[in-house]
Amino acid sequence: MSFVNPVNKSICLEQVCESNYQKLLKLIPDLMAFKETAIGLAPHHTTLHLEIIERTPYTMTVELSHCFNKNEEELLAPAVKIRVYLDAHLAEVLSDHARAGVAQVFKDPGLSREIMNYKWRLNYFLQKWLDHCLKKDYLFSANTIQTEVLI
């Protein structure tokens with residue numbers, strides 16, 4: 001994937017987070033209905049795993065990953081932790097399997113340019129990954145989840 005480096009990252013970051021929110025809800029239309037976990041299936045593709053980490057009246061924190069092995073404990077990647085702002089209609093990446101959260105990486109809040117660059121890369125990655133998942137036609141449904149849990 002080529003590196004995109006917009007001049008005004010703050011405006012572009014907000015647009016990417018808005019886009020990510022829309023794409024996430026398109027990928028998982030019943031996102032608000034799931035309590036703890038869900039599984040997305042697409043023909044001939046690895047499963048997608050959704051875990052609800054936290055839920056408040058205005059936000060939701062989820063983790064979305066592909067499972068590349070039969071044993072889901074073996075390899076879940078990219079393990080993207082996403083904060084979903086329900087009232088603002090934004091979805092922002094907090095971290096992924098390869099990159100820690102902003103607060104862990106940048107101890108000095110004065111490094112605003114570096115923080116913005118870091119957030120941009122995380123959220124731009126999510127945008128492209130959600131596009132990929134949407135093209136594969138993953139389906140998350142209550143019936144699929146119940147079946148997977150019972151097996």
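In the hairpin formed by β1 and β2, five residues lie between the strands, and histidine 44 has a positive phi near 65 degrees. The model is predicted. Strand β1, residues 37–41, pairs with β2 in the antiparallel sense, over four bridges. Across this pairing, isoleucine 39 stands opposite histidine 49 in β2.

Strand β2 also takes part in a second hairpin, formed with β3, in which three residues separate the strands. β2 and β3 run antiparallel and are joined by eight bridges. One of the opposed positions here is threonine 47, which faces cysteine 67 in β3.

**Chain layout and confidence**

The chain holds four helices and six strands. Read from the N terminus, the order of elements is α-β-β-β-β-β-α-α-β-α. Of the 151 residues in the chain, 40% are buried. The accessible surface is about 9000 Å², and carbon and sulfur atoms account for 54% of that area. When contacts between residues at least 6 apart in sequence are considered, 52% of them join residues at least 24 apart.

The mean pLDDT of the chain is 82, and 73% of the residues score at least 70. Confidence is highest in β5, at 94, and lowest in helix α4 (residues 142–150), where the mean is 42. Over residues 143–151 the pLDDT is below 50, and this stretch has eight contacts in the model beyond near neighbours in sequence.

**Nonpolar cores**

In soluble globular proteins, nonpolar side chains tend to be buried together. The largest nonpolar core in this model has 27 residues. Leu27, Ile28, Leu50, Leu64, Ile82 and Phe140 have the most contacts inside it. Two or more residues come from each of α1 (9–27), β2 (47–55), β3 (59–67), β4 (76–85), β5 (90–95) and α3 (112–135). The element that gives the most is α3, with six residues. There is also a second, separate core of six residues, including Leu13, Val16, Cys17 and Trp120.

Which residues does isoleucine 82 touch, leaving aside its neighbours within four places in sequence? Its contacts are Leu24, Met60, Thr61, Val62, Leu64, Ala91, Glu92, Val93 and Leu126.

Leucine 24, one of those partners, is placed in helix α1. Its relative accessible area is 2%, so leucine 24 is buried, the cut-off for buried being under 20%. With neighbours within four places in sequence again left aside, leucine 24 is in contact with Leu31, Leu64, Ile82, Val84 and Leu130. Leu64 appears in the contacts of leucine 24 and in those of isoleucine 82. Leucine 24 and leucine 134 are 110 residues apart along the chain, and their C-alpha atoms are separated by 9.0 Å.

**Aromatic pairs in helix α3**

A pair of aromatic rings is described by the distance of the centres and the angle of the planes. A search of the whole structure finds two such pairs. Their values are given below.

| Pair | Centre to centre | Angle between planes | Class |
|---|---|---|---|
| Trp120 and Tyr124 | 5.5 Å | 20 degrees | stacked |
| Phe125 and Trp129 | 6.3 Å | 15 degrees | stacked |

Tryptophan 120 and tyrosine 124 are both in helix α3, four residues apart, which is about one turn of the helix. Phenylalanine 125 and tryptophan 129 are likewise four residues apart in α3, and are therefore separated by about one helical turn.

Why is the second pair classed as stacked? The planes of phenylalanine 125 and tryptophan 129 are at 15 degrees, and planes under 30 degrees apart count as stacked.

Which of the paired residues are buried, and which are partly exposed? Tryptophan 120, at 4% relative accessibility, counts as buried. Tyrosine 124 is buried as well, with a relative accessible area of 14%. Phenylalanine 125 has 23% relative accessibility and so counts as partly exposed, while its partner tryptophan 129 is buried, at 7%. Tryptophan 120 is thus a member of an aromatic pair and of the second core.

Methods
Residues numbered from 1 in each chain as written. Predicted model: local features only at pLDDT ≥ 70, side-chain atom pairs only at ≥ 80, totals over all residues. Heavy atoms only, no water. Core = buried A, V, L, I, M, F, W, Y, C linked by side-chain atoms within 4.5 Å. Buried < 20%, exposed > 50% of the residue type's maximum accessible area, 1.4 Å probe, protein only. Contact = heavy atoms within 4.5 Å. Phe/Tyr/Trp six-rings, centres within 6.5 Å; stacked < 30°, edge-to-face > 60°. Areas by Shrake-Rupley, 256 points an atom, 1.4 Å probe, with all protein chains shown as cover. pLDDT = per-residue confidence, 0-100. Pairing = 2+ DSSP bridges.
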